[in-house]
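Colleague: Please pick one side chain in this model and take me through its surroundings closely, then work outwards to the rest of the chain.

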Amino acid sequence: MAERPAGFGLTAELAKKKAGKHDPALEKDCRDWLQAVVKEPFPKGTFQQALKDGTYLCKAINKLKPGSVPKINTGTMAFKMMENIGNFLSACESYGLKKDDMFQTVDLYEDQNIVQVLICISALGRKAQTAGFKGPVIGPKEASAQKRDWTDGDLRAGQAVIGLQMGSNKGASQAGMTPYGLQRQVEKTNLKS
């Protein structure tokens with residue numbers, strides 16, 4: 001893992017903000033869910049250390065969609081571990097995860113953004129529910145599209161409604177407004193002679 005300087009200024013502020021988003025409860029849920037899916041003991045160490053080589057993640061996606069990662073590298077060389085993580089991410093993308101929910105390889109391998117790794121794992125769990133996986137569940141079920149069929153009359157009626165974001169027109173009037181171009185009326189009582 002690359003040694004990075006502590007950082008000052010904006011770098012330190014961003015690192016502090018990122019660390020503040022970490023949710024230990026979500027980490028525990030992800031750890032428990034992965035262990036229930038893979039059906040093997042979770043590797044020892046911190047969450048990042050346990051998943052750093054990518055083998056456990058590859059096993060998990062292979063349980064959800066068999067054959068997603070055909071070859072899991074077991075070597076301890078950095079590029080082999082990062083290749084496992086990359087293969088997991090490619091399998092997640094083909095499984096239907098959105099790019100917004102996924103992380104980058106360095107987020108896990110170099111412990112740059114473990115929060116995004118947690119988001120990806122929970123999104124994978126949601127997607128597994130909608131894909132018909134009959135196993136452990138993490139988080140709420142992903143919403144499905146609900147197509148609406150509006151008639152032309154419904155659409156015309158909706159155009160006449162003022163949305164609440166626009167404010168309200170109750171009590172609105174043009175009282176006190178003067179037409180454009182009319183000169184300002186000044187009373188002589190206010191003028192000093």
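Modeller: The backbone nitrogen of Ser68 lies 3.1 Å from a polar atom of the side chain of Asn62, and the backbone nitrogen of Val69 is reached by the Asn62 side chain at 2.8 Å. Both are polar contacts, that is, N or O atoms within 3.5 Å, where within protein one atom must be able to donate a hydrogen and the other to accept it, and residues adjacent in sequence count only if both atoms are side-chain atoms. The model is predicted, so local features need pLDDT of at least 70 and side-chain atom pairs pLDDT 80 or more, while totals for chains, interfaces and linings use all residues. Residues are numbered from 1 along each chain as its sequence is written, and side-chain values use heavy atoms, without hydrogens or water.

Asn62 sits in helix H4; helices (H or I, at least four residues) and strands (E, at least two) are DSSP runs, numbered from the N terminus. With a relative accessible area of 19%, Asn62 counts as buried (under 20%; over 50% is exposed and anything between is partly exposed, with a 1.4 Å probe and protein chains only). Once neighbours within four places in sequence are set aside, Asn62 is in contact (heavy atoms within 4.5 Å) with Gly67, Ser68, Val69 and Ile72. Ser68 and Val69, whose backbone nitrogens pair with the side chain, are therefore among the contacts of this buried residue.

The helix that carries Asn62 also has a helical partner. H4 (residues 55-64) packs against H5 (residues 78-95) with axes 8 Å apart and an angle of about 25 degrees. Axes here are lines fitted to C-alpha atoms, for helices over the stretch in contact, and angles run from 0 to 180 degrees between N-to-C directions. H4 and H5 are therefore roughly parallel, since that class covers angles under 35 degrees, with over 145 roughly antiparallel, 65 to 115 roughly perpendicular and the rest oblique. Their crossing is left-handed (the near helix is turned anticlockwise from the far one by less than a right angle; clockwise would be right-handed). H4 contributes Thr55, Leu57, Cys58, Ile61 and Leu64 to the contact, and H5 contributes Asn84, Phe88, Ala91, Cys92 and Tyr95. By class, that makes eight nonpolar residues, two polar and no charged. Ala, Val, Leu, Ile, Met, Phe, Trp, Tyr, Cys and Pro count as nonpolar, Asp, Glu, Lys and Arg as charged, and the others, Gly among them, as polar.

H4 can also be approached from Lys39, which belongs to the loop between H2 and H3. The C-alpha atoms of Lys39 and Ala60 are 9.1 Å apart, across 21 residues of sequence. Lys39 is exposed, at 70% relative accessible area. Its phi is positive, about 65 degrees, although Lys39 is not a glycine. Most residues other than glycine have a negative phi.

A second buried side chain that pairs with backbone is Gln48 of helix H3 (residues 47-51), whose relative accessible area is 8%. In this case a polar side-chain atom of Gln48 lies 3.0 Å from the backbone oxygen of Leu108. Beyond neighbours within four places in sequence, Gln48 touches Leu108, Tyr109, Glu110, Asp111 and Ile114. Asp111 is in the loop between helix H6 (105-109) and H7, is partly exposed at 39%, and has a positive phi near 55 degrees without being a glycine.

H7 (residues 114-130) has a helical partner in H2 (residues 24-38): their axes come within 10 Å and cross at roughly 50 degrees, which makes H2 oblique to H7. This crossing is left-handed as well. Leu26, Glu27, Cys30, Trp33 and Leu34 of H2 meet Leu118, Ile121, Ser122, Leu124 and Gly125 of H7, giving seven nonpolar residues, two polar and one charged.

After H7, the loop leading to helix H8 (152-159) holds Thr151, which is partly exposed at 45%. Its side chain makes a 3.1 Å polar contact with that of Asp154.

As for the whole chain, there are eight helices and zero strands, and 28% of the 193 residues count as buried. Among contacts between residues at least 6 apart in sequence, 49% join residues at least 24 apart.
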